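Please explain how this structure is put together. A walk through one helix and its surroundings, followed by the charged pairs, would be enough.

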Amino acid sequence: METLLETGHATIDRVAGDMGLSRQTLYRRLKEEGVTFEELLDKLRHRLALRYLREERMSVKAASYRLGFSEPAAFSRAFKRWTGNSPRAAVA
């Protein structure tokens, strides 16, 4: 999923296809584990955002596009939801 984020193709259909599964099978398996595709995607973006900003010192704009957000403002809103802080506060 990580490699698909930047391209904007991190969808359940694409991931299922890459795994050789149908969309329904992947959905069912995730449900058995008590998680949704959207939750997994959100957790991955959160983890990567922290790494990009703190460890790799990536700019907010670069991180937002690398994580597949359409614009930095959308990334900033998601980051604030995850951490309670702005992305800029994470690198300070």
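What follows takes up a helix first and then the salt bridges. The model is predicted.

Helix H4 runs over residues 37–55. With 19 residues at 1.5 Å a residue, H4 should span 27 Å, and its end C-alpha atoms are 26 Å apart, which agrees. The buried residues of this helix are Phe37, Leu41, Leu44, Arg45, Leu48, Ala49, Tyr52 and Leu53. These residues lie on the same side of H4, because they cover an arc of only 145° around the axis. The other side of H4 has Lys43, Arg47 and Glu55, which are exposed.

Several other helices take part in covering the buried residues of H4. Among them are H1 (2–5), H2 (12–18) and H3 (23–32), which come before H4 in the numbering. H5 (60–66), H6 (72–83) and H7 (87–91) are also included in that cover. After H4 comes Arg57, with a positive phi near 55°.

Next come the charged side chains. Side chains of opposite charge can pair when their charged atoms come close. There are six salt bridges in the structure.

One of the salt bridges joins Arg23 and Asp13, with the closest N and O atoms 3.2 Å apart. Arg23 belongs to helix H3 and Asp13 to helix H2, so this pair ties together parts that are 10 residues apart in sequence. Arg23 has a relative accessibility of 41% and therefore counts as partly exposed. Asp13 is partly exposed too, its relative accessible area being 49%.

Glu56 takes part in salt bridges with Arg51 and with Arg66. In the pair with Arg51, the closest N and O atoms are 3.3 Å apart. Arg51 counts as partly exposed at 27% relative accessibility, and Glu56 counts as partly exposed at 39%. In the pair of Glu56 with Arg66, the closest N and O atoms are 3.7 Å apart. Arg66 lies in helix H5 and Glu56 in the loop between H4 and H5, so this salt bridge ties together parts that are 10 residues apart in sequence. Arg66 is partly exposed as well, with a relative accessible area of 31%.

Which residues are linked with Glu56 in a network of salt bridges? They are Glu2, Arg51 and Arg66.

Conventions
Residues numbered from 1 in each chain as written. Predicted model: local features only at pLDDT ≥ 70, side-chain atom pairs only at ≥ 80, totals over all residues. Heavy atoms only, no water. Helix = DSSP H or I, 4+ residues; strand = E, 2+ residues; numbered from the N terminus. Expected span 1.5 Å × (residues − 1). Buried < 20%, exposed > 50% of the residue type's maximum accessible area, 1.4 Å probe, protein only. Arc of directions from axis to C-beta. Contact = heavy atoms within 4.5 Å. Salt bridge = Lys/Arg side-chain N within 4 Å of Asp/Glu carboxyl O.
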